[in-house]
Amino acid sequence: MRYQDYVIKDGKFIGEFEKMYQKFDDPWLQTKEAGISYSRANTVCSIRRFGAKNILEVGCGLGYFTAYLNEQCPSSRIIGMDISETAIEKARKKFPKVEFICGDLAKLDNSALEQYDCIIFSEIMWYILDNIDDILLKIKKISPGGV
Ligand SMILES: C[S@@+](CC[C@H](N)C(=O)[O-])C[C@H]1O[C@@H](n2cnc3c(N)ncnc32)[C@H](O)[C@@H]1O
């Protein structure tokens with residue numbers, strides 16, 4: 001099986017991310033892509049420009065982009081979150097100075113979200129489509145700057 005088979009099976013989203021991270025070391029070639037795209041450089045510029053201080057990066061996977069953001073934006077507190085405990089364990093091991101938590105974005109309540117003034121979605125939209133309306137509404141409610 002390929003890592004993609006743990007995400008979509010017979011054309012249907014199954015989202016078995018934990019099983020996938022237990023079997024595969026580098027799904028989506030995350031170790032090779034941190035910080036190299038225009039959108040990622042643009043994220044750094046936006047954090048600096050708007051002065052965001054408490055940031056949650058959802059779907060952080062192995063933590064490479066979270067670590068890159070921490071390095072580039074030292075005046076912000078940037079926490080990575082992923083639904084897979086195995087991914088978070090690997091991220092903590094690789095980047096011991098960076099904060100990571102395990103959690104499902106779809107299950108975060110307002111009080112959890114309210115701690116952050118910026119929430120970053122990096123390569124995760126496809127996987128939360130079933131709950132996207134609820135998620136965006138929740139973020140909109142607690143976000144003075146909007147979504
Ligand atoms: C394509 S990977 C992106 C990893 C990393 N952000 C990157 O850009 O390299 C998508 C990640 O989203 C995580 N994920 C999927 N659904 C999630 C959810 N509901 N809450 C938190 N993380 C989720 C998966 O475990 C996976 O690590």
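The ligand is surrounded by 21 residues, and the closest are F17, G59, G61, L105 and E123. The model is predicted. An open sheet of four strands runs in the order β5-β4-β3-β6, and the largest nonpolar core holds 30 residues.

**Ligand shell**
- The shell around the ligand splits into 13 nonpolar, five polar and three charged residues.
- F17, G59, G61, L105 and E123 are the closest residues in this shell.

**Nonpolar core**
- Within the 30-residue core, I55, L56, V58 and A91 have the most contacts.
- Two or more core residues come from each of these elements: α1 (17–23), β3 (54–58), α4 (64–72), β4 (77–82), α5 (85–94) and β6 (118–121).
- The largest share comes from α4, which gives five residues.
- I55 touches I47, S76, R77, I78, Y116, C118 and I120, leaving aside residues up to four places away in sequence.

**Sheet**
- The four strands, ordered β5-β4-β3-β6, pair in parallel and form an open sheet.
- β5 (99–102) and β6 are the edge strands, each pairing on one side only.
- From one strand to the next, the twist averages 25 degrees.
- β3 and β4 are joined in the parallel sense over five bridges.
- One bridge partner in β4 is G80, which pairs with E57.
- Another is R77, the partner of N54 in β4.
- Four of the five residues of β3 are buried, so β3 is largely enclosed by the rest of the structure.

**Helix on the sheet**
- α5 packs on the sheet and touches β4 and β5.
- The direction of α5 makes about 165 degrees with that of β5.
- α5 also gives two or more residues to the largest nonpolar core.

**Positive phi outside glycine**
- Most residues other than glycine have a negative phi.
- W28 is not a glycine, yet its phi is positive, at about 60 degrees.
- W28 sits in the loop between α1 and α2 (30–33).
- W28 counts as partly exposed because it has 14 C-beta neighbours inside 10 Å.
- E123 also has a positive phi of about 60 degrees and is not a glycine.
- The loop between β6 and α7 (132–142) holds E123.
- With 15 other C-beta atoms within 10 Å, E123 is partly exposed.
- E123 is also among the closest residues to the ligand.

Key: Residues numbered from 1 in each chain as written. Predicted model: local features only at pLDDT ≥ 70, side-chain atom pairs only at ≥ 80, totals over all residues. Near = placed C-beta within 6 Å. Nonpolar A, V, L, I, M, F, W, Y, C, P; charged D, E, K, R; others polar. Core = buried A, V, L, I, M, F, W, Y, C linked by C-beta atoms within 7 Å. Buried ≥ 20, exposed ≤ 12 C-beta atoms within 10 Å, placed from the backbone. Contact = placed C-beta atoms within 7 Å. Pairing = 2+ DSSP bridges. Axes fitted to C-alpha atoms, helices over the stretch in contact; angles between N-to-C directions.
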